[in-house]
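Welcome, and please open the model in your viewer. We will go from stop to stop, selecting a few residues each time.

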Amino acid sequence: MTKRQANKKIVPGIRMERMAAEGKCIGHLPDERVIFVPFTAPGDLVDVQLHRRRKRYAEGVVDRLVEPSPHRVEPRCAHFGTCGGCKWQHVPYRMQLDAKEQQVYDQLERIGGLEIAEKRPILGADKVYEYRNKLEFTFSQFRWITREELRSGEEISDKRGLGFHLPGKFDKVLDLSECYLMGDLNNRLRDFVKEYCMTHEGFDFYDLQAHHGLMRMIMLRISSCGEVMVVLMFGEENPDKQDEILTAVRANFPEITSLMYVVNTKLNDSLADLEVRHFSGREYIWEEMEDLRFRVGPQSFYQTNSEQAYKLYKTVRTLADLQPTDLVYDLYTGTGTIASFLSKSARHVIGIEYIEEAVRDARKNAELNGLTNMEFFAGDMKDVLTDDFMAKHGRPDVIVTDPPRAGMHPSVIEVILRAAPKRIVYVSCNPASQARDLQALKEDYDVSVGQPVDMFPQTHHVENVVLLERKENK
């Protein structure tokens, strides 16, 4: 080992063995400890710079790719390795699917101690690029300077940028020249707005540390119907400049069907508690699935991969196996898309959701689709879903639950157990928290089916649907 390597804590010649959670690969150090390294592929031989060492494992980054894996493919995006959004562009899609499927079942069996009667193969995506229907771009007065720029030694005269936050760095933004998560409109719109603001006076980019500046963020939505929503976020009030840039966007992008803006002086970028102001077009766009239409506003939650969301919802509906007499509870219902899918097969559907705006959207969507056998309630799940609530509205025959990444509160699980539905369909974006919750339910329920669904190709993220059926002796 050279002096340079010793100073940088570099371990040479690590062979990466298999893909693991969070988009990393696993290898072993000379002392047999496991090491996790991102942006590597099984079979890579790499020199690894250590940056975190623990008693049983270590983490590091690639210092040098000594011998590339035969499995490697050429990443499509120029920002691969820096952006962090698509950590698996360098491995074939089939390998991505196999890794996700294995991780789902490993976590259910290892963390939850579960026996899964039927482990179905993962449902892959037909589109592995340009599949997202929503993107957000952040302006930065002081963008991230890449390693290549630093190595070039050239003076950087303009540090403004527009792009994505780097993983784990709220105040660092990578300036984008291309992105393949969405169709080319995202590139044309982003480049136009950035160029306009950099060549016209008065459009200062937001300073993410000092918290000031006019241009703060762009949100872009494109529906499966081809409708386009753009929301510009400004960091301060400036009516003349706001009108100027909005007018320029409208003139250059006639495909925009909904153009709006917000003024945000908070320390975070969330739209949830902000007034969204209408500029032109409608105040919403339409999404469609089968014979259902959903009105999606700037603050609405909607699955960001429309095509895979359809596969996911069909899976839920099939596993729920509803009868015309069934009462269904849809927990964490969001804007009621799953509830709407189930309503025509059930006697009645009750949706519960924390976010009041989402509940308003759910009620509106039910009305627009002529669905009269649905009710929606807003509030914290552990406060709404109680024994008194069920005594008033009826005990469910089937429960569908799609909680946030942290899973369900223990008190919610207790109420579900007392409700004793004959079937539970549990949808999760985090198989680890799902496994923990299923462990709390397994005394009363058998895990009949597991069905992973890939919502986000080129990333390590995966959704999983599990069917639980009440044991006969319970």
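Start by selecting Asn 305. Leaving aside neighbours within four places in sequence, Asn 305 is in contact with Tyr 131, Asn 133, Met 455 and Pro 457. Show those residues as sticks along with it. Asn 305 sits in the loop between β16 (292–296) and α6. Is Asn 305 buried or exposed? Its relative accessibility is 2%, so Asn 305 counts as buried. Keep in mind throughout the tour that this is a predicted model.

**The whole chain**

Now zoom out and switch to a cartoon view. How many helices and strands does the chain have? The secondary structure comes to 12 helices and 23 strands. The radius of gyration is 24 Å, close to the 23 Å that the globule rule gives for 474 residues, so the chain is as compact as a globular protein of that length. If you turn the model along its principal axes, the C-alpha atoms fill a box of roughly 70 × 65 × 35 Å.

Try colouring by accessibility next: 53% of the 474 residues count as buried. Contacts can be viewed by their separation in sequence, too. Among contacts with a separation of 6 or more, 63% are between residues 24 or more positions apart.

**Two helices that meet α12**

Select helix α12, residues 431–441, and add helix α2, residues 93–110. The two pack at an angle of about 30°, with their axes 8 Å apart. Angles under 35 degrees count as roughly parallel, and α2 and α12 are therefore roughly parallel to each other. Their crossing is right-handed. For the details, show side chains: Val 104, Gln 107 and Leu 108 in α2 meet Pro 431, Ala 432, Gln 434, Ala 435 and Leu 438 in α12. By class, this contact has 6 nonpolar, 2 polar and no charged residues.

Keep α12 on screen and swap α2 for helix α11, residues 410–419. How are α11 and α12 placed relative to each other? They pack at an angle of about 40°, with their axes 10 Å apart. The pair α11 and α12 is therefore oblique. This crossing is right-handed. On the α11 side, pick Ile 413, Ile 416 and Leu 417, which meet Asp 437, Ala 440 and Leu 441 in α12. The contact of α11 with α12 has 5 nonpolar, no polar and 1 charged residues.

**The pair α4 and α5**

Next, select helix α4 (residues 185–199) together with helix α5 (residues 239–252). Their axes come within 11 Å and cross at roughly 140°. That makes α4 oblique to α5. Look along the pair and you can follow α4 passing α5 in a right-handed crossing. Which residues meet here? From α4 come Leu 189, Phe 192, Val 193, Tyr 196 and Cys 197, and they meet Glu 244, Ile 245, Ala 248, Val 249 and Asn 252 in α5. The residues of this contact divide into 8 nonpolar, 1 polar and 1 charged.

**Some loop residues**

Three stops remain, each in a loop. Select Ile 145, in the loop between β8 (134–140) and α3 (147–152). With a relative accessibility of 19%, Ile 145 counts as buried, because buried means under 20%. Not counting residues up to four places away in sequence, Ile 145 touches Leu 150 and Ile 156. For a distance to try in the viewer, draw a line from Ile 145 to Pro 431: their C-alpha atoms are 35 Å apart in space, and the two residues are 286 apart in sequence. You met Pro 431 earlier, in the contact of α2 with α12.

Move on to Asp 321, in the loop between α6 (306–320) and β17 (327–331). What is notable about the backbone of Asp 321? Its phi is near 45°, a positive value in a residue other than glycine. At 42% relative accessibility, Asp 321 counts as partly exposed.

For the last stop, follow the chain through β17 to Tyr 332, in the loop between β17 and α7 (337–343). Tyr 332 is not a glycine, yet has a positive phi of about 60°. Is Tyr 332 buried or exposed? At 17% relative accessibility, Tyr 332 counts as buried.

Notes: Residues numbered from 1 in each chain as written. Predicted model: local features only at pLDDT ≥ 70, side-chain atom pairs only at ≥ 80, totals over all residues. Heavy atoms only, no water. Axes fitted to C-alpha atoms, helices over the stretch in contact; angles between N-to-C directions. Helix = DSSP H or I, 4+ residues; strand = E, 2+ residues; numbered from the N terminus. Parallel < 35°, antiparallel > 145°, perpendicular 65-115°, else oblique. Left-handed = near helix turned anticlockwise from the far one by under 90°. Contact = heavy atoms within 4.5 Å. Nonpolar A, V, L, I, M, F, W, Y, C, P; charged D, E, K, R; others polar. Rg over C-alpha atoms; globule rule 2.2 N^0.38 Å. Buried < 20%, exposed > 50% of the residue type's maximum accessible area, 1.4 Å probe, protein only.
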